[in-house]
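Reader: I am new to this structure and would like to go through it slowly, one question at a time. Could you show it to me before we begin?

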Amino acid sequence: MNALIMYDRQTRSLWSHFLSEGIEGEYKGVKLTNVPLVLTTWEEWRTSFPETKALLKGESSFDPYTSYYIRDDAGVIGESNRDERLYGKEIVLGAGFDDGAIAFPHTALQEEQVINTEINGEPVVVYYESQTSTAIAYSRSVGEETLEFSLEIEEEGEGVSRRWLVDASGSRWLPLNGQAWSGDFQGTRLDPVHAVNVFWFAWSDFYPETEIYGQ
């Protein structure tokens, strides 16, 4: 399916990170538990969490995939399902998976940045920060309430700004971890929605019937 796979060292079963399950061997069909993560820059993360400990693996900042990003060729074997609704290497935030896959192109997110929507009937907010290409999705359900969010940018001086998700009550939520830092919901955290940032050619290979946000 044109995506690299993992194997475990104990049984050498093969695992698809895309499907979150074993696809060959002793653990075929076994599901892995998804752990939410955020794809962002170190600078953006450190601004929100200055006490973070970081793992430094060597001193080189060289990215061996730089030339691959700018070439038109896709994946390891080429596109097995060419879907020209988007450019093959468009980055999308994919969600919904087998229940009703939907792709949010980063180009569309650049225009809206905060999208209040639904995925398979669940109220969801999608947040995007264009300078760092950070795209995250959270559930908008908090207790019995369904919240609507907007973006607020707070200038902190010397060219430094902080971005907040703000609901109708005025509570401010930190986008990178979904925690309310002030207001009626202070201390509450939004539930992350399982979503991945991925090339369009790979997402459409696995989910050819996927909906595309904005189309």
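**A walk through the model**

Author: Let us begin with N120, which is found in the loop between β6 (114–119) and β7. Please keep in mind throughout that this is a predicted model.

Reader: What is the phi of N120, and why does it deserve a remark?

Author: Most residues other than glycine have a negative phi. N120 is a residue other than glycine, and yet its phi is positive. Its relative accessible area of 46% makes N120 partly exposed, and the value you asked for is near 55 degrees.

Reader: Which residue with a positive phi lies in the loop between β1 and β2 (14–16)?

Author: The residue in question is not a glycine, although its phi is positive, at about 60 degrees. Its relative accessibility is 57%, and because exposed means over 50%, the residue counts as exposed. Its place is in the loop between β1 and β2, and its name is R12.

Reader: W15 lies in strand β2; is it buried or exposed?

Author: W15 has a relative accessible area of 9%. Buried means under 20%, so with its 9% W15 is buried.

Reader: Which side chain makes a polar contact with the side chain of W15?

Author: Leaving aside neighbours within four places in sequence, W15 is in contact with a list of residues that includes I5, M6, Y7, D8, Y27 and L32. For I5, which is 10 residues away along the chain, the C-alpha atom is separated from that of W15 by 5.8 Å. The polar contact between side chains, at 2.9 Å, is the one that W15 makes with D8.

Reader: Turning to the interior, which residues have the most contacts inside the largest nonpolar core?

Author: The largest nonpolar core has 18 residues. Strands β7 (122–129), β8 (134–139), β12 (160–167) and β13 (172–174) each supply at least two residues of this core, and the largest share, 3 residues, comes from β12. Inside this core, the residues with the most contacts are F149 and W173.

Reader: How many residues does the other core, lying apart from that one, have?

Author: Among the residues of this other core are A74, V92, F97 and I212. It lies apart from the largest nonpolar core, and its number of residues is 17.

Reader: Which residues form a nonpolar patch on the surface?

Author: One member of the patch is found in the segment before β1 (6–7), and this residue is L4. With a relative accessible area of 62%, L4 is exposed. The patch has about 360 Å² of accessible area together, and its residues are L4, V76 and I77.

Reader: How many salt bridges does a search of the whole structure find, and what is the N to O distance in the one between R85 and D83?

Author: The search of the whole structure finds 6 salt bridges. In the pair of R85 and D83, R85 counts as partly exposed at 36% relative accessibility, whereas D83 counts as buried at 11%. Their side chains meet in a salt bridge, with an N to O distance of 2.9 Å.

Reader: Where does D83 lie, and which residues is it in contact with, leaving aside its neighbours within four places in sequence?

Author: D83 has its place in the loop between α2 (66–70) and β4 (91–95). Once its neighbours within four places in sequence are left aside, the residues in contact with D83 are W200, S204 and P208.

Reader: Which residues are joined into one network by salt bridges that share partners?

Author: The side chains of E152 and R172 meet in a salt bridge of 2.3 Å, N to O, and because E152 lies in strand β11 (residues 149–157) and R172 in strand β13, this pair ties together parts that are 20 residues apart in sequence. The side chains of E154 and R172 also meet in a salt bridge, at 3.3 Å, N to O, and since E154 lies in strand β11 and R172 in strand β13, the parts tied together here are 18 residues apart in sequence. Relative accessibility is 29% for E152, 27% for E154 and 23% for R172, and each is partly exposed. Through shared partners, the salt bridges join into one network E152, E154 and R172.

Definitions and conventions: Residues numbered from 1 in each chain as written. Predicted model: local features only at pLDDT ≥ 70, side-chain atom pairs only at ≥ 80, totals over all residues. Heavy atoms only, no water. Core = buried A, V, L, I, M, F, W, Y, C linked by side-chain atoms within 4.5 Å. Buried < 20%, exposed > 50% of the residue type's maximum accessible area, 1.4 Å probe, protein only. Patch = residues over 30% accessible without salt bridge, like charges linked within 9 Å, V, L, I, M, F, W, Y side chains within 5 Å. Areas by Shrake-Rupley, 256 points an atom, 1.4 Å probe, with all protein chains shown as cover. Salt bridge = Lys/Arg side-chain N within 4 Å of Asp/Glu carboxyl O. Contact = heavy atoms within 4.5 Å. Polar contact = N/O pair within 3.5 Å; in protein donor to acceptor, adjacent residues only side chain to side chain.
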